[in-house]
Amino acid sequence: MSGGRPPRLPRPRRRLPAPRQDGAPRTVFRLTGPGRRAARRKGGPGGPGAKGRLTSRLRLIGRLKLTSRFRTVRLRKLRTRTRMALALATLLALVCTLLLDGYLHAEVGNDARVHRSQAARTVPDRLRKGGPVITFDHRGKATEHAIPAKTIALTFDDGPDPRWTPEILDVLRRHKVRGTFFVLGQMVIRHPELVRRMRAAGHEVGVHTFSHVDLSYQDKGRMDRELAQSQLALAGAASITSSLFRAPYASQVRALDDRTWPVQQHIGSKGYVSAFVDTDSEDWQRPPVKEIVQNATPEGGKGASVLFHDAGGNRARTVKALSIYIERMKKKGYSFTTVTGALGAHSANHPARALPVWEGRALIWAAAVSHSALPFLMGLLGLVGFSVIGRLLLMVVLAWWHRRSRERRRWSRVQEVTDPVSVIVPAYNEKECIANTLKSLSASTHPIEILVVDDGSTDGTADIAEAMGLPNVRVLRQANAGKPAALNRGIAHAGHELIVMMDGDTVFEPTTIRELVRPFADSRVGAVAGNAKVGNRGKLIGAWQHIEYVMGFNLDRRMYDLLRCMPTIPGAIGAFRRRALLDAGGMSADTLAEDTDITIALHRAGWRVVYQEHARAWTEAPSSLGQLWKQRYRWSYGTMQALWKHRRSLIDRGPSGRFGRVGMPLVVLFQILTPLCAPLIDLFTLYGVIFLDPVRSLLAWAALLLVQLLGAAYAFRLDRENYRALAVLPLQQIAYRQLMYLVLLHSCVTAATGALLPWQKLKRTGEVDTPRAPEAVR
């Protein structure tokens, strides 16, 4: 085309970089914008110097890695805080459910005081002699109003009640009579449909406070809350508000005195119309039907505001008397209407604004959830209580059986196991403890070799172990790869068939290994769990853990041993056959509880796992709440991981299926579900002490504590421990156990969200320095 623009040729594709000699593609770094210009000035990419280019690339990589690391740390902290917040929110929701249900049932904030009549020096005489309705103007001046002659204003207090209010409404509908219902806010929230039915039938609704407290004992703030909450309930139930009010325990206006008159003045200043009574049917005393009708009949053809009740007890006589009363009064020429209707005024019910309507509906929905959840929680509480006591009794009975069976068999009568043992000590930054650990092993009465696998320690742990110069000690060094990797390397370098694994913060007694390997005389035994004890029990946190170890762990292991479904060989002291470890696939890094993981794997591979209570190890327990939280968080979360990993054992056959159908349900029930629901015991106890019957609540809790104390005492007797340590058991139940609840709840939230939990190294002090002999029972 002449004179035109030449056609645009396609741009050549960018050539890919040529491969390197080793076959790996070269990495191309390309900077754009200010970074590229700065690099050119410094001799970077696009600049003249190759050295500058390399330096710029390395700096860029360093900045990217550092930024990525900071982002990862911040994200991990954010996720941890989110899980903590979710766990606490769950606990808070449970507490709020109890409080809301208690408040709606007049258990929370209830005040049962009722005042007696006093002098009436401040009450105007004209009011005490006037009609049953009092209004106040803007200046606070009160005016009384009487019901016209031959007119009855039927009023009903204390409802709505799901049993009796519908029957009363049916009676009024059949006789085509309208009435005024003075409702309680608590009852409205629990039964909003009845208020809607009242309004649909043309009845008037008045306020009778929220919780039926005697306002003469309450301050103005409580009065205002009673009114506001009642209005909120009416708005949510029927989209109305009411300016009609009747005080609880109010009767005739002549009963006003110096204590109740200020209440009426305050209520009147809020714009309410106060309704009293001319005639009381006294149906609340449940007299015969004939007396109810007679009590409600005014004298001499006078008009009256007549009081009945549609709640507060059995109102069968009220329902029957009401029908007779209406028929009789109509025959006498009386008409029936509402309170405001009798005065010729507009209805006291007004449309509510949108915001209070939605707030009231939210409160009603929350109450419905609470009402539905409470029976479930009560049932769950019963199951938890039964489970806690049943578990304790089961452990005690099976532990007794376990001791008797051991006494009959006597491990000491079994052929002595003299085979040498390889002891593997995985160590990561254990400089405070490693020397004590190796000294205790060197005093062993059984032939052993010691393999210290240093997992990339940065505090000189390996150097300390080598400098001690102990015989039969080898130190294997490796880059930091985690405890399972360290144990697997120790297994690979072990020279003997029997292998003992222990932690770097644990010390053995001289006879520990000899006792630990004794069960291997039975060729079916693939692993042995030892008796781990708390060495640093001098402080309160250590004493609490000491009780837990003796009662919660070792008593458990006796039970599991007898049932042949031991779930965990403690990392502090455990023995294995090499062949059994190989059958189980070695130590796995799939979970944070490698000890539980390998134990379940051994069961599934067909090996027996037993408990040897005479093989004692003294370990250093966490000495602070923060360290304790980290340890138990890892334990509980790792246990959940291990159970999920081996979930197929539930449907397997053979040994794997036996553990899946016996051991796994017990672990889930006793180590996850029961502890997770156990806070209900403490919450309901606290609830009962504050809002219900404190004596009965405390007695029930004390009975449970006594059962646990007896179980702990038996566990201490079996382990030949000093009973004096049990003095802190009540405090442990109050404080320590609550911490364990939160830890387990946190772990469940973590497991539910699918989050990954990194290994958490605990701070060691080296307090456990020498093997200790068991204390004599006193």
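The paragraphs below lead through a predicted model, beginning with its overall make-up and then turning to its cores, its strands, its aromatic rings and a few single residues.

The protein has 778 residues, of which 51% are buried, and its secondary structure comes to 24 helices and 20 strands. Among the contacts with a separation of 6 or more, 80% are between residues that stand 24 or more positions apart.

The largest nonpolar core holds 59 residues, and those with the most contacts inside this core are Ile152, Leu154, Leu172, Phe308, Leu322 and Tyr325. Leu154 may serve as a way into the packing: leaving aside residues up to four places away in sequence, Leu154 touches Leu172, Val177, Gly179, Thr180, Val306, Phe308, Leu322, Tyr325, Ile326, Phe336 and Thr337. A second core, separate from the one around Leu154, has 57 residues, including Leu451, Ala494, Met559 and Tyr714.

Thr180, one of the residues that Leu154 touches, leads on to a pair of strands. Strand S3, which spans residues 151-159, pairs with S4 in the parallel sense over four bridges, and within this pairing Thr155 has Thr180 of S4 as its bridge partner. In S4 itself, which covers residues 180-183, Thr180 and Phe182 point one way while Phe181 and Val183 point the other way, and all of these residues are buried. Phe181 also belongs to an aromatic cluster, which it forms together with Phe156, Phe308, Tyr325 and Phe336; Phe308 and Tyr325 were already named among the residues with the most contacts inside the largest core.

A second parallel arrangement involves strands S13 and S14, where S13 (residues 421-427) is joined to S14 by seven bridges. Ser422 has Glu449 as its bridge partner in S14. Strand S14, residues 448-455, is mostly covered, with eight of its eight residues buried. The burial extends to both faces of the strand, since Ile448, Ile450, Val452 and Asp454 lie on one side and Glu449, Leu451, Val453 and Asp455 on the other, and all are buried. Leu451 of this strand is also one of the residues in the second core.

From the end of S14 the path continues to Gln478, which is placed in strand S15, residues 473-478. The side chains of Gln478 and Asp455 are joined by a polar contact of 2.8 Å. Beyond Asp455, and again not counting residues up to four places away in sequence, Gln478 touches Val453, Asp454, Gly456, Ala485, Ala486 and Arg489. Gln478 has a relative accessibility of 16% and therefore counts as buried, the limit for that class being under 20%.

Aromatic rings recur elsewhere, and the structure holds eight aromatic pairs. In one of them, the ring centres of Phe136 and Trp261 are 6.0 Å apart and the planes stand at 35°, so this pair is tilted. Because Phe136 lies in strand S1 (residues 133-136) and Trp261 in helix H8 (residues 261-269), the pair ties together parts that are 125 residues apart in sequence. Both partners are buried, Phe136 with a relative accessible area of 16% and Trp261 at 5%. Rings also meet charged groups: Arg163 lies over the face of Trp164 at 4.1 Å from the ring centre, and the charged end of Arg647 sits over the ring of Trp644, 4.1 Å from its centre.

Two residues in short strands complete the tour. Val273 is found in strand S8, residues 273-275, and touches Val133, Ile134, Thr135, Ser243, Leu244 and Phe245 when residues up to four places away in sequence are set aside. The C-alpha atoms of Val273 and Ser242 are 9.5 Å apart in space, although the two residues are 31 residues apart in sequence.

Asp280 lies in strand S9, residues 279-280, and its relative accessible area of 24% makes this residue partly exposed. With residues up to four places away in sequence again left out, Asp280 touches Asn295 and Leu307, while its side chain reaches the backbone nitrogen of Glu282 at 2.8 Å. Asp280 and Ser251 are 29 residues apart along the chain, and their C-alpha atoms are separated by 7.7 Å.

Notes
Residues numbered from 1 in each chain as written. Predicted model: local features only at pLDDT ≥ 70, side-chain atom pairs only at ≥ 80, totals over all residues. Heavy atoms only, no water. Core = buried A, V, L, I, M, F, W, Y, C linked by side-chain atoms within 4.5 Å. Buried < 20%, exposed > 50% of the residue type's maximum accessible area, 1.4 Å probe, protein only. Contact = heavy atoms within 4.5 Å. Helix = DSSP H or I, 4+ residues; strand = E, 2+ residues; numbered from the N terminus. Polar contact = N/O pair within 3.5 Å; in protein donor to acceptor, adjacent residues only side chain to side chain. Phe/Tyr/Trp six-rings, centres within 6.5 Å; stacked < 30°, edge-to-face > 60°. Lys NZ or Arg CZ within 6 Å of the ring centre and 35° of its normal. Pairing = 2+ DSSP bridges.
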